[in-house]
Amino acid sequence: MTTPKKITDEIEALSWYHPSLSRHVAESLLLQNGRDGTYLLRPSSNPGEFAVSIRCTDSVKHFPLSWDGTSYAFGMGTFDTIAELVDHFASKPLIGAESGVLTALKFPYPRDVLEPNMYDTVKIHAQYGNKSNDWDRSGLNFAVASKEGYLTKQGGIVKNWKTRWFVLQKNELKYYREKADKEPVKVLDLTECMACNVDHTQEKTNCFSLTFPKRTYYIYAATPQEMHDWTTILSWKLQQDKPESDL
């Protein structure tokens with residue numbers, strides 16, 4: 001059965017429809033960048049059908065969505081429009097038949113995400129249509145830019161250098177004593193960071209600094225390329241947090 005043009009137009013207008021996303025990639029994106037209730041729409045493996053993939057705590061559930069020419073069938077219900085479907089399940093959680101997990105549709109995961117310049121091959125500029133108010137609903141930053149690795153930082157009181165495992169996710173930079181540790185030594189809120197600069201004041205090479213109101217952190221990487229990668233992505237993060245009047 002050929003998909004009617006009506007559903008093509010409506011679904012393609014959704015900021016959270018991912019036309020080329022597979023089940024496994026959807027799971028990876030939602031687990032890495034979403035939170036409980038984050039959802040997206042993608043083509044199903046069944047021709048002419050779609051799937052709504054939803055983040056449920058530490059797993060992703062997939063629910064089939066079909067169109068019969070007049071309405072959408074989703075679970076046990078039928079809906080005239082996608083907006084009606086989303087509004088319904090925003091307040092009435094879905095129930096996974098096998099797992100029994102309750103999940104509401106809370107945060108649409110957009111297909112167009114702004115990425116830092118270091119990812120030249122996958123950089124996409126966000127373009128939001130005017131047919132949906134999905135972004136008013138979410139209030140989340142879905143940028144998938146993240147990084148982790150060993151860096152060596154200078155102590156705040158005792159000015160010795162210690163190697164730590166750093167993890168950058170969203171607007172937080174965490175560092176751990178060891179890679180396998182579950183609890184970080186410290187979590188740095190990048191929304192409070194004023195600058196990220198290559199630094200030549202220390203005796204270490206490949207060094208950069210992160211300036212906060214109460215402290216400047218001095219950190220160095222093992223290679224110039226690693227330092228470049230860290231400073232690029234950190235500077236990009238800081239730029240996203242600036243008020244528009246400062247840009």
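1. Phe212 is buried in this predicted model, its relative accessible area being 9%, and Tyr217 is likewise buried, with a value of 6%. The ring centres of Phe212 and Tyr217 lie 5.6 Å apart with the planes at 80 degrees, so the pair is edge-to-face.

2. Aromatic pairs number 10 in the structure. Among them is the edge-to-face pair of Trp16 and Tyr39, for which the centre-to-centre distance is 4.9 Å and the angle between the planes 80 degrees. This pair connects distant parts of the chain, since Trp16 belongs to the loop between α1 (5–12) and α2 (23–33) while Tyr39 belongs to strand β1, 23 residues apart. Both Trp16 and Tyr39 are buried.

3. A single aromatic cluster is formed by Phe63, Phe74, Phe79 and Phe89. Phe89 also deserves a look in the context of helix α3 (residues 82–91), where it is buried together with Ile82, Leu85 and Val86. Viewed down the axis of α3, the buried residues are confined to an arc of 95 degrees, so they line one face of the helix.

4. The open sheet comprises seven strands, which follow one another in the order β12-β11-β10-β9-β15-β14-β13 with antiparallel pairing. The edges are taken by β12 (186–189) and β13 (195–198), and because each of these has a single partner strand, one of its sides is left without a neighbour in the sheet. On average, and with direction ignored, neighbouring strands of this sheet are turned by 35 degrees against each other.

5. Within that sheet, the antiparallel strands β10 (residues 161–169) and β11 (residues 172–176) are joined by five bridges. For a reader who wishes to follow the register on the model, Val167 stands opposite Lys174 in β11.

6. Which residues does Gln154 contact beyond its neighbours within four places in sequence? Gln154, which is found in strand β9 (residues 146–154), is in contact with Lys159, Asn160, Trp161, Gln202, Arg215 and Tyr218 once those neighbours are left aside. With Gln202 there is a polar contact between the two side chains, at 3.2 Å. Gln154 is buried, with a relative accessible area of 9%, so this side-chain contact involves a residue that falls under the 20% limit for burial.

7. Ser44 is placed in the loop between β1 (38–43) and β2 (50–56). From that loop, the side chain of Ser44 reaches the backbone nitrogen of Asn46 at a distance of 3.1 Å. If the neighbours within four places in sequence are set aside, the contacts of Ser44 are with Glu49, Phe50 and Ala51.

8. Ala51, one of the residues in contact with Ser44, also provides a reference point for Lys61, as the C-alpha atoms of Lys61 and Ala51 are separated by 9.8 Å, with their positions 10 residues apart along the chain counted as the separation. Is Lys61, which is found in strand β3 (residues 59–67), buried or partly exposed? The relative accessible area of Lys61 is 24%, and Lys61 is therefore partly exposed, given that burial requires a value under 20% and exposure one over 50%.

Terms used. Residues are numbered from 1 along each chain as its sequence is written. This is a predicted model: local features need pLDDT of at least 70, side-chain atom pairs count only at pLDDT 80 or more; totals for chains, interfaces and linings use all residues. Side-chain values use heavy atoms; hydrogens and water are left out. Helices (H or I, at least four residues) and strands (E, at least two) are DSSP runs, numbered from the N terminus. A polar contact is a pair of N or O atoms within 3.5 Å; within protein, one must be able to donate a hydrogen and the other to accept it, and residues adjacent in sequence count only if both atoms are side-chain atoms. Contact means heavy atoms within 4.5 Å. Two strands pair if DSSP finds at least two bridges between them. Axes are lines fitted to C-alpha atoms, for helices over the stretch in contact, and angles run from 0 to 180 degrees between N-to-C directions. Buried means under 20% relative accessible area, exposed over 50%, partly exposed in between (1.4 Å probe, protein chains only). The arc is that of the directions from the helix axis to the C-beta atoms. Rings of Phe, Tyr and Trp (its six-membered ring) pair if their centres lie within 6.5 Å; planes under 30 degrees apart count as stacked, over 60 as edge-to-face and the rest as tilted.
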